[in-house]
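Look over the sequence and the predicted model below. The paragraphs that follow go through the helices, the hairpin, the aromatic rings and the cysteines.

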Amino acid sequence: MLKEKSEILAHHQNFITFIHSLKSFDENLLRKPIEDGKWSVIEIVGHFCPWDEFVLQHRIPYLLKGKHLPKGPSVDDLNTHSSLLARNEAVENTLQKCIQIREELLSQLKQIPEDDWLIQIQINQSNLTFYEYLKGLKEHDIHHINQIKI
């Protein structure tokens, strides 16, 4: 398997395992802000869901066909909405939704032929490979995982 593909698939599997591990923690701990003025663990987890859905629905299908990308949502609006939703729904629901959507993303990524991982794509003014795009998302995940390691 192409090392770039293997790297990204392993990351997503590890991400899913990490989110599963959060189920063993007390709800109060998951709802506590990671620092003053910051989101809680569950809000951070909750914000992954709409972004994964966005990648599934509005990036992968377009990037691999060289089609014009739909405009992305407002980062602030989407993050605010997702954190509010996670704050108000059951912790178990947020964790399970995150796992389910990430499993769907992982499944779709597994199906992408190796030849497509190194194709050049354009996002706004940036030219990068499909792998580099996914690596940027991986780095975003890692940033947040490092914030919430309990």
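**A walk through the model**

Phe-48 counts as buried, at 2% relative accessibility. The ring partner of Phe-48 is Phe-15, and the two form an edge-to-face aromatic pair, with 4.9 Å from centre to centre and 85 degrees between the planes. Phe-15 is also buried, with a relative accessible area of 1%. Because Phe-15 lies in helix H1 and Phe-48 in helix H3, the pair ties together parts that are 33 residues apart in sequence. This model is predicted, and the count of aromatic pairs in it comes to three.

Another of these pairs is made by Trp-117 and Phe-130, which also meet edge-to-face, at 5.5 Å centre to centre and with 70 degrees between the planes. Trp-117 sits in the loop between H6 and S1, while Phe-130 belongs to helix H7; they are 13 residues apart, and the pair links distant parts of the chain. Trp-117 is buried, with a relative accessible area of 0%. Phe-130 is buried too, and its relative accessible area is 0%.

Phe-130 leads on to helix H7, which runs over residues 130-148. The helix has 19 residues and reaches 28 Å from its first C-alpha to its last, close to the 27 Å expected at 1.5 Å a residue. Which residues of H7 are buried? They are Phe-130, Tyr-131, Tyr-133, Leu-134, Lys-138, Asp-141, His-144, Ile-145 and Ile-148. These residues cover an arc of only 155 degrees around the axis, so they are on the same side of H7. What they pack against is a set of helices and strands: helix H1 (3-21), helix H3 (41-58), helix H4 (60-63), helix H6 (91-111), strand S1 (120-123) and strand S2 (126-129).

Helix H6 can be read in the same manner. Its 21 residues should span 30 Å at 1.5 Å a residue, and its end C-alpha atoms are 31 Å apart, which agrees. The buried residues of H6 are Val-91, Thr-94, Leu-95, Cys-98, Ile-99, Ile-101, Arg-102, Leu-105, Leu-106 and Leu-109. The elements that cover them include H1, helix H2 (27-31), H3, H4, helix H5 (75-88) and H7.

One buried residue of H6 is Cys-98, and this raises the matter of disulfides. How many disulfides does a search of the whole structure find? It finds zero. Cys-49 is in no disulfide, and the nearest cysteine sulfur, that of Cys-98, is 4.6 Å away. A disulfide needs the two sulfur atoms within 2.5 Å. Seen from the other side, Cys-98 is in no disulfide either, and the nearest cysteine sulfur is that of Cys-49. Cys-49 counts as buried at 4% relative accessibility, and Cys-98 counts as buried at 1%.

The strands come next. S1 and S2 pair in the antiparallel sense over four bridges. Ile-123 has Ser-126, in S2, as its bridge partner. Two residues lie between the strands of this hairpin, where Asn-124 takes a positive phi near 55 degrees. As a general point, side chains in a regular strand alternate between the two faces of the sheet.

Three more residues complete the tour. Glu-4 lies in helix H1. Is Glu-4 buried or exposed? At 13% relative accessibility, Glu-4 counts as buried. Leaving aside its neighbours within four places in sequence, Glu-4 is in contact with Trp-117, Leu-118 and Tyr-131. Two of these names have come up before: Trp-117 is in the aromatic pair with Phe-130, and Tyr-131 is one of the buried residues of H7.

Asn-14 is also placed in helix H1, but Asn-14 is exposed, with a relative accessible area of 52%. Between Asn-14 and Leu-69 there are 29 Å in space, C-alpha to C-alpha, and the two are 55 residues apart in sequence.

Asn-79 is found in helix H5. This residue is buried, with a relative accessible area of 16%. Apart from its neighbours within four places in sequence, Asn-79 is in contact with Trp-39, His-47 and Trp-51.

Note on methods:
Residues are numbered from 1 along each chain as its sequence is written. This is a predicted model: local features need pLDDT of at least 70, side-chain atom pairs count only at pLDDT 80 or more; totals for chains, interfaces and linings use all residues. Side-chain values use heavy atoms; hydrogens and water are left out. The expected span of a helix is 1.5 Å times one less than its number of residues. Buried means under 20% relative accessible area, exposed over 50%, partly exposed in between (1.4 Å probe, protein chains only). The arc is that of the directions from the helix axis to the C-beta atoms. Contact means heavy atoms within 4.5 Å. Two strands pair if DSSP finds at least two bridges between them. Rings of Phe, Tyr and Trp (its six-membered ring) pair if their centres lie within 6.5 Å; planes under 30 degrees apart count as stacked, over 60 as edge-to-face and the rest as tilted.
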